Amino acid sequence: MSPPSPLRRYNNLLHEQNAWDFTGTPYVPVYVKLPLGIINMECELVDPDGLRKQLETLKSIDVDGVMVDTWWGIVEANDPQQYNWKGYKQLFSIVRELGLRLQVVMSFHESRDDDVCIPLPKWIIEIGKENPDIYFTDRHGNRNTECLTWGIDEEPVLRGRTAVQVYFEYMQSFRDEFSELFNTRSISKIQIGLGACGELRYPSNPAKRGWKYPGIGEFQCYDKYLRKCLEEAAKAIGLPKWGNPPEGAGSYNSQPVETDFFCYHGEYRTPYGRFFLKWYSQYLIDHGDRVLAKAKLAFGDVPLSVKVLNAAWDANIPVASENALPCYELNGSNGYNKLLEHAKPRNFPVPRHISAFNYVGFNQALLEQVNFREFRRFVKRMHGEAVQYEDLLN
């Protein structure tokens, strides 16, 4: 069977396009998140010429900017308060020359994928060998070295500094080093890492502990610092016996009905259960408040963002979004259509749209002809522009 003629192909694409027409909808900026590995562990930009060409290609289709992780484990790798921003200076210079905007992430966690591992700073790891309670800990005593426990937010156990002080001074160093980017408003937003994977959440479901969906995970409050905080909270209300985490909360792959704590008439409904869950969730909120207060002090009026729950919609907080997998792995245009419908829902009772979209999974495959054509159409529709004939065929 011969391939369809250009006209027939155009008509097919036009039919699909009309079904998913976002012409005239609100403009949503599109940022592309740069991948792990563009900056090595010596804080060097690995392939500046290759990256420049890729960014020029993105600029040619009116991508608004790029999102870049600045890794604590790279910048402050060897010694406390010794910051190396060398590779980021070169990267940001290229981005500015091309007229792209920047979203910057303060990444205070470790990151691993198939090819790249970015650990916490070496000096933090050395402290952890002597004092493993600086990490989140489960009921079996397993330490999660992905990020620091919030129990040391205000404990001076990091060579005389608290964790919040360490984060604040890192952010101050960034502000001082890149003051020109702030002065010229080249940075549109700064995302603040607040926990595992940069998200404001406990590391309750680590795959390396065998967790699989839909397991309930485990409480992560067994390091000595969070244990002390829980004990003090219980004493403060005159019930010191409540100063321990719950028994019978199951294991990583338990179902709620299988546990004494989470089952239908479980302990979570009792006064103790409500006390513990309130303390556990409030400590998460307090950690976010502490770090974000310091971020506001460091970055002034630059918009800040965090990774949290969908409840932000209901609280009228501007919401940005990102994809979980590259869309060319999700049936091309169909994957993009779903992202567009989420970004600018057309059947929602109250009109709303996201404030920005961050494309995750940028690689050379995205720049291949068919994949790149689909991505270009996606950018136009995010911008609320009409898709032209050449956009459908080229």
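These legends accompany close-up views of a predicted model.

**View 1. Helices α6 and α9 pack against each other at an angle of about 25°.**
Let's begin with helix α6 (residues 163-177) and helix α9 (residues 271-299), whose axes lie 9 Å apart. Angles under 35 degrees count as roughly parallel, and α6 and α9 are therefore roughly parallel to each other. The crossing of α6 past α9 is right-handed. On the α6 side, the contact is made by V164, Y167, F168, M171, Q172, F174 and R175. Helix α9 brings H287, R290, V291, K294, A295, L297, A298 and F299 to the contact. Sorted by character, the residues of this contact of α6 with α9 comprise 10 nonpolar, two polar and three charged.

**View 2. E154 and R290 join in a salt bridge.**
Here we stay with R290, one of the α9 residues in the contact with α6. The side chain of R290 meets that of E154, at 3.9 Å from N to O. E154 sits in the loop between β7 (143-148) and α6, while R290 belongs to helix α9, so the salt bridge ties together parts that are 136 residues apart in sequence. What is the relative accessible area of each partner? For E154 the value is 56%, and this residue is exposed. For R290 the value is 19%, and this residue is buried.

**View 3. K86 and E44 form a salt bridge between distant parts of the chain.**
The closest N and O atoms of K86 and E44 are 3.9 Å apart. K86 is found in helix α4 (residues 86-97), and E44 in the loop between β1 (30-33) and α2 (48-60). In sequence, 42 residues separate the two. K86 is partly exposed, at 46% relative accessibility. E44 is also partly exposed, with a relative accessible area of 35%.

**View 4. E374 and R377 form a salt bridge within helix α12.**
Now for a pair inside one helix: E374 and R377 both lie in α12 (residues 369-382). They are three residues apart, about one turn of the helix. Their side chains meet at 3.2 Å, N to O. Are these residues buried or exposed? Both E374 and R377 are buried.

**View 5. Salt bridges link E76, R161 and E169 in a network.**
To finish, have a look at a group of three residues. Which residues make up this network of salt bridges? The members are E76, R161 and E169. For the wider picture, the count of salt bridges comes to 18.

Key: Residues are numbered from 1 along each chain as its sequence is written. This is a predicted model: local features need pLDDT of at least 70, side-chain atom pairs count only at pLDDT 80 or more; totals for chains, interfaces and linings use all residues. Side-chain values use heavy atoms; hydrogens and water are left out. Axes are lines fitted to C-alpha atoms, for helices over the stretch in contact, and angles run from 0 to 180 degrees between N-to-C directions. Helices (H or I, at least four residues) and strands (E, at least two) are DSSP runs, numbered from the N terminus. Angles under 35 degrees count as roughly parallel, over 145 as roughly antiparallel, 65 to 115 as roughly perpendicular and the rest as oblique. A crossing is left-handed if the near helix is turned anticlockwise from the far one by less than a right angle, and right-handed if clockwise. Contact means heavy atoms within 4.5 Å. Ala, Val, Leu, Ile, Met, Phe, Trp, Tyr, Cys and Pro count as nonpolar, Asp, Glu, Lys and Arg as charged, and the others, Gly among them, as polar. A salt bridge is a side-chain nitrogen of Lys or Arg within 4 Å of a carboxyl oxygen of Asp or Glu. Buried means under 20% relative accessible area, exposed over 50%, partly exposed in between (1.4 Å probe, protein chains only).
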